[in-house]
Amino acid sequence: MKHVPDATDIRFDPITLNLIREGVPSIVNPFCLNAIEEAIRLREKFGGKITAVSMGPLQAQEGLREALAMGADRAVMVSDREMAGADTLATSYTLWRSIATIAETEPFDLILSGKVAIDGETGQVPPGLAVRFNIPIISNVTKIDQVDIKSRTIVAKHRFDDGIETVKARFPAVLTITEEANKPRKFTIEGMLNAKRAKIEIWDKQAINADPNLLGLKGSPTIVKKVFPPPGRKQGEAFDGTRDPRAAAKWLVQNLIQIHAFGPAPPKAAEALPKSPNERATIENSGKYGEVWVFVEHFHGKPAAVSWELLGEGRRLAEIYGTKLGALIIGNHVDHLAKESFVHGADKAYLVEDERLEKYRTQPYAIAMEEVVRKFKPEALLVGGTIRGRDLAGSAATFLETGLIADCTALDVDMETGTFMGTRPDYGGNLMSTIICPKNRPTMASVRPRVMKSLPPEQNRDGEIVHFDLNLKDTDVNTDVLEFVPIEKVDVRLEDAQVIVSGGRGLGAGKNFQLIEELAKTLQAQVGASRAAVRAGWISPEHQVGQTGLTVRPRLYIAVGISGAIQHIVGIMNADYIVAINRDPEAPIFKMANFGIVGDLFKVVPALIEELKNVHLAELAPWQRSSTR
């Protein structure tokens with residue numbers, strides 16, 4: 001479990017760029033409480049013992065006290081000055097050594113963690129632990145269906161972006177637990193007294209027999225180059241609708257019609273794919289750099305759109321390096337994706353096919369990625385920041401012992417040194433960090449869907465296909481996929497939506513989401529939500545927009561009763577137009593909105609629905625008239 005700093009009070013050392021934790025309030029990572037709760041439920045059914053482990057400064061013992069108060073049997077605090085500044089690779093090493101030390105006298109069946117830590121949102125450490133222990137991982141668990149003590153197997157449901165999968169694995173295994181799995185219990189008086197009396201074991205690097213060169217900054221392939229505030233958008237116009245909601249609604253609709261905000265943007269002339277790297281600036285001595293690769297994510301041969309978005313960005317980076325753009329394709333009977341990757345900008349396609357790769361499973365895919373990367377040595381490897389992508393990237397980076405920069409919103413190259421740079425939101429989006437991996441190759445980076453723009457497809461483009469023979473053992477396939485239920489059954493596709501209407505805490509209750517749904521129906525839009533609304537149980541998690549949910553790129557985003565916490569803003573930065581409706585004129589969302597209405601949403605939204613119904617469809621999107629008749 002992890003103790004995380006309060007995102008509202010973040011400070012960094014201006015020289016080392018390490019987080020200053022002294023004097024900064026901190027909390028237990030909320031998802032870690034879901035992991036503790038799930039452990040307690042398993043113990044209640046099957047017996048056993050729960051050990052809570054935390055790495056960090058000594059003040060993180062407070063989090064372990066909470067675990068003990070909930071019902072953990074033992075607590076181990078791993079703390080050493082040499083562990084400071086650890087990235088995810090160094091962190092997974094430290095926790096691996098810690099758990100291995102515990103296992104010398106008390107072998108484990110399961111390692112449970114929260115799905116992510118809210119200060120970084122990477123989800124990289126648990127896959128790293130699974131690789132180091134050479135055991136299965138089931139990430140983003142929504143429900144444990146079955147545990148068979150005799151056969152030492154576990155069956156669990158876990159979430160992907162496109163559906164819910166049921167997986168079977170043998171003990172020991174790593175599971176990351178989502179907020180959907182349970183509701184953490186409250187402390188009892190007895191539990192609090194036990195926690196206060198309990199002794200927390202404090203271990204240093206000698207206690208876990210750790211190599212000092214693999215700890216903290218020494219063992220971290222990635223380092224923070226700079227930290228800066230998140231970029232803002234130009235604040236737009238606002239209308240005070242507290243007295244006359246109808247006038248406010250009319251004003252808003254007229255403005256949105258004027259800028260063609262409803263539906264797709266008017267078509268632009270297609271941008272031509274650059275013919276050669278010489279058309280853009282390249283770094284000196286570009287011949288010494290390896291290729292830029294993009295992992296082509298797919299589900300049974302159907303590509304994820306993020307793969308083509310990354311090829312668009314990869315094309316730009318490859319031209320800076322003066323090298324070629326490669327597409328890495330892993331699966332079975334997926335050679336058609338090679339041709340599609342050329343159409344979307346790739347020069348080469350590295351094809352790894354095996355019948356055991358028919359279904360995505362973490363370890364065999366990570367081994368495939370490791371083997372092909374070790375042979376061809378790319379400079380950088382880009383992976384979609386989807387749930388599958390995060391799961392795979394964390395495992396592969398551990399196999400490769402290289403740096404992984406997660407959830408990037410911008411990628412670039414230092415023109416003087418040739419160093420790859422990834423910029424990402426940190427600490428709930430309150431800060432932006434530019435991170436580099438100066439010594440290890442490749443630099444790996446994950447980028448969320450809808451952040452980058454794909455290139456216009458060129459159907460006549462062709463390239464070179466490189467077939468790679470994989471050395472995969474049957475024992476490397478350590479999970480069985482039992483079932484997959486597509487998420488399309490619930491009809492939520494926020495990633496592809498042109499118009500999104502989202503509701504937040506200001507709605508007051510789940511029943512009031514019908515107002516959001518009615519406005520969305522009027523606009524033929526998708527329904528989104530803030531993290532607060534999802535955590536309150538008002539709407540299901542697949543509607544969540546923000547750093548802990550989906551990143552979206554709609555033509556129009558309407559935020560109703562959403563204050564505009566930075567973690568939500570991170571998810572909507574790429575919207576063409578943002579509309580805010582909130583009764584608080586000081587709400588941060590107004591600083592990001594193109595148009596805002598200050599007023600009671602329960603009066604403004606019905607007025608807006610009525611006004612929209614009075615507007616002819618062709619007037620909303622005049623360039624679509626022929627298609628709407």
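Biologist: What is the hand of the crossing of α11 and α15?

Modeller: The crossing of α11 and α15 is left-handed, a term for a near helix turned anticlockwise from the far one by less than a right angle, with clockwise giving right-handed. This is a predicted model, in which local features need pLDDT of at least 70 and side-chain atom pairs count only at pLDDT 80 or more, while totals for chains, interfaces and linings use all residues. Residues are numbered from 1 along each chain as its sequence is written, and side-chain values use heavy atoms, with hydrogens and water left out.

Biologist: What makes α11 roughly parallel to α15?

Modeller: Helix α11 (residues 513-522) and helix α15 (residues 601-613) pack at about 20°, their axes 10 Å apart. Angles run from 0 to 180 degrees between N-to-C directions of axes fitted to C-alpha atoms, and under 35 degrees counts as roughly parallel, over 145 as roughly antiparallel, 65 to 115 as roughly perpendicular and the rest as oblique. The pair α11 and α15 is therefore roughly parallel.

Biologist: Which residues of α11 meet α15?

Modeller: Leu515, Glu518, Leu519 and Thr522 in α11 do, with heavy atoms within 4.5 Å as the criterion. Their partners in α15 include Phe602, Val605 and Ile609. By class, this contact of α11 with α15 has 9 nonpolar, 1 polar and 2 charged residues.

Biologist: Why are α9 and α10 called oblique?

Modeller: Helix α9 (residues 362-376) and helix α10 (residues 387-400) make an angle of about 50°, with axes 9 Å apart. That angle falls outside the other classes, and α9 and α10 are therefore oblique to each other. The crossing of α9 and α10 is right-handed. Among the residues that meet are Tyr365 and Met369 in α9, and Leu392 and Phe399 in α10.

Biologist: How do you know that β21 and β22 pair?

Modeller: Pairing needs at least two bridges found by DSSP, and β21 (residues 420-426) and β22 (residues 431-436) have 6, in the antiparallel sense. Within that pair, Pro425 stands opposite Met432 in β22. Helix α7 (residues 305-321) packs on the sheet and touches β20 and β21, and its direction makes about 10° with that of β20.

Biologist: What makes β11 and β20 edge strands?

Modeller: The 4 strands form an open sheet in the order β11-β22-β21-β20, with antiparallel pairing. β11 (223-228) and β20 (410-413) each have a single partner strand, so one side of each is left without a neighbour in the sheet. From one strand to the next, the twist averages 25°.

Note on methods: Helix = DSSP H or I, 4+ residues; strand = E, 2+ residues; numbered from the N terminus. Nonpolar A, V, L, I, M, F, W, Y, C, P; charged D, E, K, R; others polar.
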